[in-house]
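Open the model in your viewer and keep the sequence at hand. This tour goes stop by stop: select, look, move on.

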Amino acid sequence: MEENHFNDFKSKDIEGKKLGRTISAFANASGGDVYLGIREENDTKIKHWEGFKTIEDANGFIQMISNMLVLTNNYEVVFLKHPVLETYVLQVTIFKTQSVVYCTDGKVPYVRKGAQNLPCDTPEKIRRLELDKGISSFENETVAESDLSDVDNTIVWERFKNSIVPDTDTEAWLKKQRLFVGGKLTVAALLLFSDEPQVCLPKRSSIKIFRYQTSGEAERDTLVGVPITVEGCAYSQIYEAVSKTKEIIESIRKFGKEFETIEYPEETLHEIITNAVLHRDYSIATDIQIRIFDNRVEVESPGKLPGYVTVDNILTAQSARNPKIVRLINKFPEAPNKDVGEGLNTAFEAMAKLRLKEPLIEENDNSVLVIIKHEKLASPEELVVDYLLKNDSITNRIGRNITGIKSENSMKRIFWKLRDAGMVYMIGAGSVAAWKKTGDFESKANSLKVNENKEN
């Protein structure tokens, strides 16, 4: 292992303050592991196991970490024992926190970038960290160039007002919702209720759609036509961007045995684009980008994942960077976020139904990138065969888990096909039933793979 964005090695003799910087940096970034008791030579980078003689010798470090993360409890400790030296290295796993974690002196927080711990030692850097973590939200900022006329009597406000609050006074309602403060509209108010928020929020409130005629990287030579710019309020942007993206995708023709139209689930496009609009960081002056390639769609949303959300827990964790926008857009007729908190799960399930690979999610320095690939999963039969190449038997439940098939009866039919091919036979019955591979299984499996490669 090397020191990087997620791993660090420290000598057991390290000063508490230096260790505190690393703990703070991991907690304020994406989390990571610190190994206490491994000394690394500065010049050669050779590492030496120089562990604690007893577990109790590390108590001081554990107490220090506990004091730093006392409000979050976002850490775990494990002792690794050397089989010969019988000394211990302390592995501390730090999870991303929802709050800002300061160093041991309580003055400066750090963030992890690569293998470095960088100090947030100015008010601007601390403000940026708070925005990245979703502690403060740019949606609450007032916009100097705005006034009530940017919202009052707009098409989107009248539609919202007539269906939700028909008898209310516009100014009074906006003030009550903290959307109109000191005679100025907030960012959230403009995005939700202005027909053209881009006038007051240029370069941070539009969606750009690019079509690249390639399966490779985005290059000017492969750009088709002029990029499409989608403007308007957040509600209309979502539906228009989905419609335009779908229209471009359906124009792509892929040659298989004959020319066929590329297809992505509309639910996947809708949920991922909705997520990008509702959870982007509006303090970053750049637009959402949708890039359509021959074999994939990329949706890049400005801003890091908020709160304690990471790429690994994004399907289960919930942390809204723009809670007012999320809450109020849900009140619109035909709200784009009908099931709050379930959007990405719906997107992943829709891909599985079409037997397409699930989307990939990447977190970059200043953005979140979702890649929707047009790549088919292996057939259910192939997945079962691959499992049985490593295991002697398989149950219906395991089969459903690895193939994504929901129905027990549908899974049975997959096993019957393999049985008829002389590859498996059934053992047991009822709840303890399983399918075991035959003596000819491996030769038949190899034959299947050969034929598959020939077809490809």
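Which residues of H3 are buried? Select H3, residues 123-133, and check: Ile-126, Leu-129, Leu-131, Asp-132 and Lys-133 are the buried ones. This is a predicted model, so keep an eye on its confidence as you go.

**Stop 1: around H3**

Add helix H1 (16-28) and strand S7 to the selection. Both are among the elements that cover the buried residues of H3. Now step just past the end of the helix, to Gly-134. Its phi is positive, about 80°.

**Stop 2: the largest pocket**

Stay with H3. With five residues, H3 gives the most to the lining of the largest pocket. Next, select S2 (32-36), S6 (88-94), S7 (110-113) and S8 (116-119). Each of these strands, like H3, supplies at least two lining residues.

To find the middle, pick His-5, Ala-29, Ser-30, Lys-304 and Glu-363. Of the 37 lining residues, these lie nearest the centre of the pocket. The volume is about 820 Å³. Colour the lining by class: 12 residues are nonpolar, 12 polar and 13 charged.

**Stop 3: Thr-268**

Jump to helix H8, residues 266-279, and select Thr-268. Is Thr-268 buried or exposed? Its relative accessible area is 1%, and under 20% counts as buried, so Thr-268 is buried. Now show what it touches farther along the chain, leaving out residues up to four places away in sequence. Ala-347, Ala-350, Met-351, Pro-359 and Ile-372 appear.

**Stop 4: a three-stranded sheet**

Select S19 (393-394) and S20 (424-427), then S21 (residues 434-437). Together these three strands form an open sheet, in the order S19-S21-S20, with antiparallel pairing. S19 and S20 stand at the edges; each has a single partner strand, so one side of each is left without a neighbour in the sheet.

Zoom in on S20 and S21. How many bridges join S20 to S21? There are four, and the two strands run antiparallel. Pick Met-426, and you will find Trp-435 of S21 opposite.

**Last stop: confidence**

Colour the chain by pLDDT. The mean is 87, and 93% of the residues reach 70 or more. Now select residues 255-259, where the pLDDT is below 50. Beyond near neighbours in sequence, this stretch has two contacts in the model. Finish at residues 452-456, also below 50. This stretch has one such contact. Where pLDDT is low, predicted coordinates should not be read in detail.

Methods. Residues numbered from 1 in each chain as written. Predicted model: local features only at pLDDT ≥ 70, side-chain atom pairs only at ≥ 80, totals over all residues. Heavy atoms only, no water. 1 Å grid on protein atoms, 1.4 Å probe; cavity = no way out; pocket = protein on both sides within 12 Å on 5 of 7 lines; lining within 4 Å. Points joined across faces, edges and corners; volume = space filled by probe spheres on them. Nonpolar A, V, L, I, M, F, W, Y, C, P; charged D, E, K, R; others polar. Buried < 20%, exposed > 50% of the residue type's maximum accessible area, 1.4 Å probe, protein only. Contact = heavy atoms within 4.5 Å. Pairing = 2+ DSSP bridges. pLDDT = per-residue confidence, 0-100.
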